[in-house]
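Here is a short set of exercises to work through with the model open beside you. Try each task on your own before you read its solution.

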Amino acid sequence: MATDQRDPHRYDDMLELPHHVSQVHPQMEPMKRAAQFAPFSALTGYEDAITEAQRLTECRVELDEDSRELLDEKLRMVMGQEKTMPEVSVTYFVPDEKKEGGAYVTVSGRIRKTDSYGRRIVMSDGTVIPIDEVLDIIISCNGQDSKI
């Protein structure tokens with residue numbers, strides 16, 4: 001006997017049947033069942049990309065000729081005082097690994113050595129600072145900051 005596919009009452013005989021409960025498989029916990037219907041991220045990594053795009057970076061400051069000369073004088077002064085190891089604060093540019101720009105970081109401490117061949121400053125805590133990225137150096141003399 002063929003049933004008419006357009007008949008709205010073709011499943012009426014099933015409406016009053018009891019709900020089937022498996023004797024073999026345990027019922028799923030309500031939280032796990034709900035997780036099946038939870039929203040999912042169709043664009044994996046999209047939120048990370050948005051967060052990365054919102055992260056601000058600074059532009060590198062290009063020093064003019066007078067500022068470069070002043071910075072060179074400070075570097076020579078620091079290199080000449082390595083044996084007394086004065087306390088200094090060095091502000092330098094750290095390029096961002098993921099996008100254009102970066103951040104200016106200030107490190108305070110004593111200089112362990114200056115490597116003029118490798119063009120870097122090594123601080124006593126192990127921080128390596130490229131000389132070409134240095135923006136400013138402040139030398140502390142007896143607890144007082146000395147700006148040249």
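**Exercise 1.** Why does Glu-73 count as partly exposed? Then find its salt-bridge partner and place the pair in the fold.

*Solution.* Please keep in mind throughout that this is a predicted model.
- Step 1: take the relative accessibility of Glu-73, which is 36%. Partly exposed covers the range between the buried limit of 20% and the exposed limit of 50%, so Glu-73 counts as partly exposed at 36%.
- Step 2: look for the partner. The side chain of Glu-73 meets that of Arg-76 in a salt bridge, at 3.2 Å from N to O.
- Step 3: place the pair. Both Glu-73 and Arg-76 belong to helix α3, and they sit three residues apart, about one turn of the helix.
- Step 4: classify the partner. Arg-76 counts as exposed because its relative accessibility is 51%.

**Exercise 2.** Which parts of the chain does the salt bridge between Arg-60 and Glu-133 tie together?

*Solution.*
- Step 1: confirm the contact. The side chains of Arg-60 and Glu-133 form a salt bridge of 3.2 Å, N to O.
- Step 2: locate both ends. Arg-60 is in the loop between α2 and α3, while Glu-133 is in the loop between β4 (128-130) and β5 (134-141), so the pair ties together parts that are 73 residues apart in sequence.
- Step 3: check how covered each end is. Arg-60 is partly exposed at 40% relative accessibility, whereas Glu-133 is buried, with a relative accessible area of 18%.

**Exercise 3.** Which residues are linked with Arg-55 in a network of salt bridges?

*Solution.*
- Step 1: begin with one contact. Arg-55 and Asp-96 meet through their side chains in a salt bridge of 2.4 Å, N to O. This pair links distant parts of the chain, 41 residues apart: Arg-55 is in the loop between α2 (46-54) and α3, and Asp-96 is in the loop between β1 (87-95) and β2 (102-115).
- Step 2: extend to the network. Glu-52, Arg-55 and Asp-96 are linked by salt bridges.
- Step 3: add the exposure. Arg-55 has a relative accessible area of 32% and is therefore partly exposed.
- Step 4: set this in context. The structure holds nine salt bridges.

**Exercise 4.** Which residues make the nonpolar surface patch, and which form the negative one?

*Solution.*
- Step 1: the nonpolar patch, of about 350 Å², is made by Tyr-11, Met-14 and Leu-17. Tyr-11 is found in the segment before α1 (30-36), and its relative accessibility of 48% makes it partly exposed.
- Step 2: the negative patch is formed by Asp-64, Glu-65, Asp-66, Glu-69 and Asp-72. Asp-66 lies in helix α3 (residues 65-80) and counts as exposed, at 60% relative accessibility.

**Exercise 5.** How does the radius of gyration of the protein chain compare with that of a compact globule of 148 residues?

*Solution.*
- Step 1: compare the two values. The protein chain has 34 Å, but a compact globule of 148 residues would have a value near 15 Å.
- Step 2: turn to the spans. Along its principal axes, the C-alpha trace covers about 105 × 35 × 30 Å.
- Step 3: check burial. Of the 148 residues in the protein chain, 21% are buried.
- Step 4: read off the secondary structure. There are three helices and six strands, in the order α-α-α-β-β-β-β-β-β along the sequence.

Conventions:
Residues are numbered from 1 along each chain as its sequence is written. This is a predicted model: local features need pLDDT of at least 70, side-chain atom pairs count only at pLDDT 80 or more; totals for chains, interfaces and linings use all residues. Side-chain values use heavy atoms; hydrogens and water are left out. Patches are made of residues with over 30% relative accessible area and no salt bridge: like charges are joined within 9 Å, nonpolar side chains (Val, Leu, Ile, Met, Phe, Trp, Tyr) within 5 Å. Accessible areas come from the Shrake-Rupley method with a 1.4 Å probe; for residues, only the protein chains shown count as cover. A salt bridge is a side-chain nitrogen of Lys or Arg within 4 Å of a carboxyl oxygen of Asp or Glu. Helices (H or I, at least four residues) and strands (E, at least two) are DSSP runs, numbered from the N terminus. Buried means under 20% relative accessible area, exposed over 50%, partly exposed in between (1.4 Å probe, protein chains only). Lys and Arg count as positive and Asp and Glu as negative; His and the chain ends are not counted. The place of a charge is taken as NZ of Lys, CZ of Arg, CG of Asp or CD of Glu. The radius of gyration is taken over C-alpha atoms; the globule rule is 2.2 Å times the number of residues to the power 0.38.
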